Amino acid sequence: MADKLIIFDTTLRDGEQSPGASMTRDEKLRIARQLERLRVDVIEAGFAASSNGDFEAVQTIANAIRESTICSLSRANDRDISRAAEALKGANSSRIHTFIATSALHMEKKLRMTPEQVLEQAKQSVRFARNLVADVEFSPEDGYRSDMDFLCKVLEVVIQEGATTINVPDTVGYAVPELYGEFIRTLRERIPNSDKAIWSVHCHNDLGMAVANSLAGVKIGGARQVECTINGLGERAGNCSLEEIVMAVKTRKDYFNLEMNIDPVHIVAASRMVSQTTGFVVQPNKAVVGANAFAHASGIHQDGVLKARDTYEIMRAEDVGWSANKIVLGKLSGRNAFKQRLQELGVSLDSEMEINAAFARFKELADRKSEIFDEDILALVSDESITSEKEQYGFVSLSQHSETGERPHASIVITVDGKETHGDSDGNGPVDASLKAIESQVKSGAEMILYSVNAISGSTESQGEVTVRLQNSGRVVNGVGADPDIVVASAKAYLSALNKLHSKADRVAAQG
Ligand code: KIV
Ligand code: ZN
């Protein structure tokens with residue numbers, strides 16, 4: 001019988017550590033629901049002790065999700081572990097994931113601790129965590145660059161203390177597949193009680209090998225849990241991507257011979273949701289979820305696929321949730337049809353108030369755009385102003401004028417804490433003028449480090465989706481806005497980023 005491969009998603013924790021990818025509690029809950037639909041085994045919902053915002057996000061997800069195990073990260077100390085346990089109280093199935101660095105470099109330079117102290121702290125922490133929950137994962141941070149003898153000692157001790165999963169992170173993305181696979185195998189062979197825990201891989205993508213390394217950890221090393229994120233989101237070059245791991249193991253079942261719980265038909269919706277929420281655009285040639293992943297441009301390929309699909313296709317687009325752009329709704333569609341389409345797209349809004357707000361947005365959009373695609377609906381519900389969270393800044397209206405040879409001018413009305421205010425400005429172009437008009441009222445002083453526009457469904461008739469990345473006092477956030485008018489989309493994206501800058505609490509870094 002095939003072994004089971006556990007899929008542990010850390011989009012909401014390690015993925016969120018990517019600069020600019022911070023998410024609100026409601027956004028995290030929406031993504032957690034999609035991960036549950038995808039039948040992810042474990043959802044790492046956050047790092048409860050890092051901020052009150054993260055604590056609340058973990059708690060909200062633990063209370064709402066019933067099918068997946070909910071996990072919180074915690075450093076190896078009693079305070080962090082207690083906070084994690086507290087946040088996880090309402091979960092059906094909960095896990096504490098505790099970590100401490102074990103490489104000589106990290107112990108000496110970052111922790112300023114001796115190996116003996118690290119060993120003792122790892123031991124005490126797992127013991128403490130096991131008194132609070134039955135399911136405890138331990139990670140030796142920078143594990144792959146740690147001394148093998150020392151690592152064996154630490155892992156043997158934490159398994160004795162009751163750690164149920166041992167995760168071996170390649171924290172800095174330094175591994176290569178064969179060596180990483182051998183590394184896991186050696187650990188499992190040398191540690192006498194290794195069979196008492198499930199072994200897990202956690203690979204970063206600095207050299208573009210996170211997926212290959214994870215697969216080698218599974219195939220050569222015998223790991224039975226993979227830690228990954230939707231779209232490979234994560235710090236620096238990101239984490240191992242969930243969609244690639246899942247489809248590799250599924251498509252090459254002949255080689256891996258492993259079973260998974262995952263229902264891949266929800267992959268594309270999850271990818272879109274994460275991309276629209278964070279503003280991290282998916283590259284067109286990205287495996288599985290990129291816009292071109294199943295497109296055949298060359299005549300020879302098209303001809304082959306028409307004659308027999310498997311000449312050039314190893315997976316079916318519809319199996320991962322791709323559907324042809326469909327006109328799903330229009331101006332005359334009612335609230336029930338809208339609600340049903342949301343359900344089909346895997347979007348569940350929490351309250352009648354949110355559904356009403358989304359439906360009002362849909363009607364507004366349908367008045368201006370005759371054909372509404374699935375992508376439009378997903379963009380519409382990812383707009384955080386329809387959720388119940390109170391936003392500091394809101395968009396009301398915009399008028400702008402630009403003409404060849406003249407300097408563009410914009411007039412904007414926004415709300416600040418519910419009160420309308422009006423701003424005016426010139427600019428180099430209409431977008432520049434509009435954002436300067438906002439800034440004339442808000443005076444955030446934030447620096448813009450990225451601005452990008454993308455056509456949601458591919459043509460000039462589609463909505464423009466704008467991503468704005470702002471930086472202020474060392475904090476980086478992304479805002480996303482969508483509208484058929486790209487100047488309005490830009491203003492919405494800018495306001496969304498300002499709201500995030502305003503609400504993002506300072507956090508303790510997971511690897512700090
Ligand atoms: O990459 C890493 O080492 C981590 C740990 C905190 C598990 O994310
Ligand atoms: Zn990591």
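Mentor: A polar contact is a pair of N or O atoms within 3.5 Å; within protein, one atom must be able to donate a hydrogen and the other to accept it, and residues adjacent in sequence count only if both atoms are side-chain atoms. The model is predicted, so local features need pLDDT of at least 70 and side-chain atom pairs pLDDT 80 or more, while totals for chains, interfaces and linings use all residues. Residues are numbered from 1 along each chain as its sequence is written, chains are lettered from A and ligands numbered from 1 in the order in which they are written, and side-chain values use heavy atoms, with hydrogens and water left out.

Trainee: How far does a polar side-chain atom of T171 lie from an oxygen atom of ligand 1?

Mentor: T171 is among the closest of the eleven residues that surround ligand 1, where near means that a heavy atom lies within 4 Å. R13 places a side-chain N or O atom 3.0 Å from a ligand 1 oxygen, and for H202 the separation is 3.1 Å. For T171, the separation is 2.6 Å.

Trainee: What share of the accessible area of ligand 1 does the protein cover?

Mentor: Accessible areas come from the Shrake-Rupley method with a 1.4 Å probe, and for residues only the protein chains shown count as cover. On its own, ligand 1 has 260 Å² of accessible area, and the share covered by the protein is 100%.
The elements that give two or more residues to the shell are strand 5 (94-101) and strand 6 (136-141); helices (H or I, at least four residues) and strands (E, at least two) are DSSP runs numbered from the N terminus. The answer for the covered share is 100%.

Trainee: Is S200 buried or exposed?

Mentor: S200 is found in strand 8, residues 198-203. Its side chain makes polar contacts with those of N167, at 2.8 Å, and E227, at 3.5 Å. Buried means under 20% relative accessible area, exposed over 50%, and partly exposed in between (1.4 Å probe, protein chains only). Because its relative accessibility is 1%, S200 counts as buried.

Trainee: Which residue forms a salt bridge with D149?

Mentor: A salt bridge is a side-chain nitrogen of Lys or Arg within 4 Å of a carboxyl oxygen of Asp or Glu, and the count by this rule is 32. In the bridge made by D149, the closest N and O atoms are 2.5 Å apart, and the partner is R190. The pair links distant parts of the chain, with D149 in helix 6 (residues 148-160) and its partner 41 residues apart in helix 7 (residues 177-190). At 47% relative accessibility D149 is partly exposed, as at 43% is its partner, R190.

Trainee: With which residue does E86 form a salt bridge?

Mentor: E86 counts as partly exposed because its relative accessibility is 37%. The partner counts as exposed, at 63%. The closest N and O atoms of the pair are 3.2 Å apart, and the partner of E86 is K89.

Trainee: Which strand gives the largest share of the nonpolar patch?

Mentor: Patches are made of residues with over 30% relative accessible area and no salt bridge; like charges are joined within 9 Å, and nonpolar side chains (Val, Leu, Ile, Met, Phe, Trp, Tyr) within 5 Å. M448, Y451, V453 and I486 form the surface patch, with about 310 Å² of accessible area together. One of them, V453, is partly exposed at 42% relative accessible area. Three residues of the patch come from residues 447-455, which form strand 16.
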